[in-house]
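Dear colleague,

Please find the structure below, with the sequence alongside. A short account of what was found in it follows.

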Amino acid sequence: MSGGGSRRMRAFERWMRFVGIEKSPSICIVDSGEEGIWIKALRRLQEDDIIATIPKDACISIKTTGARELIEEAGLAGLLGLSFAVMYERSRGLDSPWAGYLQLMPGKEPVPIAWTVEEIDELLVGTELHKIVKEDKILVYEDWKENISPLIESKHWKLDPTFFCIEQYISAKSLVGSRSFTIDDYHGSGMVPLADLFNHKTGCEDVHFTTVCSLTSSDDENDDDIDRDDDHGGNEVVEERLSPIDFITDDESSISDGNGKSSEDDPTKLEMIVVKDVEAGAEIFNTYGSMGNAALLHRYGFTEPDNPFDIINIDMHLITQWSKTTSFSDRLFRRRVSLWRRLDFSGCISQNSEYFEVTIDGIPQLELLVLLYIIFLTEESYTKLDITTISFKEIEIPAKLILLNKITASSVPRAPQKDPEEFLHTENVCRALTNLADAREVLYGLDSLEVDLNKLKDCCCVSEKKLFHSLVMRVSERTILEKLRFYASQFHRKKKRKSDANQ
Ligand SMILES: C[S@@+](CC[C@H](N)C(=O)[O-])C[C@H]1O[C@@H](n2cnc3c(N)ncnc32)[C@H](O)[C@@H]1O
């Protein structure tokens, strides 16, 4: 099905006209059935062309939904409130003012939170998402039990349990997490029809939103009670998402539309503006932010091949496990980690875990190199460093490295180096990096990277979405591990060449 001709698309176009959504004749909504919906430029679009105007009242928000009173009384804020609003409007069927919009929306997005536990265990094992999604599942259930379940049981609201069960909550959450936008301070986040039909391309934003003034309602005095997105009510568990397209509050905005006309400031409307020229016939993309495949899959249910923002994390827990396979005693390891902390180094912290990032090029986070370097110091250098910790306080990383090199230099004699980090790449550190890459790799199970690559080749990105995108993520993570091994061996080889040359 394409060219905007499907029955559901015609119903949506009729609904848009009815609620006052204006879509430029220069764009077309294409319904590719199972492959999803996308927006096409029918003629060449130029920067600053306005391609859509959307009344804020046409959006589903906790202020516009028929469940507003219930949501406010129950104190459901932020994305939790919006998820409830979506469930509520769906439960009204054709009586919902958004029926024409909701019939076009998928039942849910294929985000991992909506997968079964078996699928999560099978498809995400070893990846950056496995643990996170399993925790999410538990938290989402608790969230529902605490906030939604009591409303179903309450006779007062007469809610049909079929539309408010945990499965429906997860579906609504998957849609809100992947398709909502921040509208303004008054509405908070909302489902914005038409705007949510643009697909994502990393680093390639064609469109942009502008809203003229941030308050739309007559009850402006309630402004202080506004539910903000970061003000998560209940136990919101899905990370705060980046808006697919920014809404910019611009009091002086007076933007010329595609026909050279100037639109009046209108605090009740949102406008979609082209930010760079788009060729006739091309898809018009939005960007949901710069993020790696794990984050894309987590929030939106898809991945991108060759995503430049991909990373892999080495967990502190994995480093502790690795230390047990070395000749270091637990005590020595703990003392070295403690010294590293006292020198004011730390990894990245998220929820309860500490980890180190490895970039798409296989370059480990500097703090990891420093930690490994300290772990392998001789007892003499360790003691010297231990008594100078105070000098490391409140100085920048480059100065810290110079100091670290200077203090530990006597135990590892070396010539002055051009690269201030080079001294960290000792043979032991490089070997440890390889061992850590191997230990991280084991988490993926028995299938090798080659097996994953072959599976990916045979997999259909439309009919086997979950398998396809989890394989893309696995392959990109494991490729980074390969690059990390190469990074480690490269330094090792360079050092060996230097020492051979000196002999
Ligand atoms: C805001 S909607 C975009 C419209 C969507 N294609 C539809 O059919 O309604 C976001 C969802 O579209 C899909 N999507 C967006 N960009 C994509 C891409 N580059 N590759 C694959 N799927 C994408 C994902 O399922 C995502 O959760």
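Two helices of this predicted model, α10 (residues 316-324) and α15 (residues 427-442), have axes that come within 10 Å and cross at roughly 110°. Axes here are lines fitted to C-alpha atoms, for helices over the stretch in contact, and angles run from 0 to 180 degrees between N-to-C directions. Helices (H or I, at least four residues) and strands (E, at least two) are DSSP runs, numbered from the N terminus. The helices α10 and α15 are therefore roughly perpendicular to each other; angles of 65 to 115 degrees count as such, those under 35 as roughly parallel, those over 145 as roughly antiparallel and the rest as oblique. The crossing of α10 and α15 is right-handed, meaning that the near helix is turned clockwise from the far one by less than a right angle, whereas anticlockwise would be left-handed.

On the α10 side the contact is made by Leu-318, Ile-319, Gln-321 and Trp-322, and on the α15 side by Asn-435, Leu-436, Ala-439 and Arg-440. Residues are in contact if their C-beta atoms, placed from the backbone, lie within 7 Å. Five residues of this contact are nonpolar, two polar and one charged. Ala, Val, Leu, Ile, Met, Phe, Trp, Tyr, Cys and Pro count as nonpolar, Asp, Glu, Lys and Arg as charged, and the others, Gly among them, as polar.

As to numbering and confidence, residues are numbered from 1 along each chain as its sequence is written. Local features need pLDDT of at least 70, side-chain atom pairs count only at pLDDT 80 or more, and totals for chains, interfaces and linings use all residues.

Helix α10 also takes part in the packing of a sheet. Three strands form this open, antiparallel sheet in the order β11-β13-β12, where strands pair if DSSP finds at least two bridges between them. Its edge strands, β11 (312-315) and β12 (348-350), each pair on one side only. Neighbouring strands are turned by 45° against each other on average, direction ignored. Three bridges join β12 to β13 (residues 353-358) in the antiparallel sense, and Ser-350 has Ser-353 of β13 as its bridge partner. Helix α10 packs on the sheet, touching β11 and β13, and its direction makes about 50° with that of β11.

A further open sheet has three strands in the order β5-β7-β6, with antiparallel pairing. Its edges are β5 (60-61) and β6 (180-184); each has a single partner strand, so one side of each is left without a neighbour in the sheet. Strands β6 and β7 (residues 188-191) run antiparallel and are joined by four bridges, with Asp-184 partnered by Gly-188 in β7.

Helix α3 (residues 78-91) lies across β5, β6 and β7, at about 30° to β7. The axes of α3 and α8 come within 9 Å and cross at roughly 115°, which makes α3 roughly perpendicular to α8. This crossing is right-handed. Leu-79, Leu-82, Ser-83, Val-86 and Met-87 of α3 meet Gln-168, Tyr-169, Ala-172, Lys-173, Leu-175 and Val-176 of α8; eight of the residues in this contact are nonpolar, two polar and one charged.

Finally, 15 residues surround the ligand, the closest being Gly-36, Ile-37, Ser-178, Asn-199 and Phe-302. A residue is near a molecule or strand if its C-beta atom, placed from the backbone, lies within 6 Å of it. The elements that give two or more residues to this shell are β3 (37-41) and α8 (166-179). The shell divides into six nonpolar, five polar and four charged residues.

Yours sincerely

Definitions and conventions. Two residues are in contact if their C-beta atoms, placed from the backbone, lie within 7 Å.
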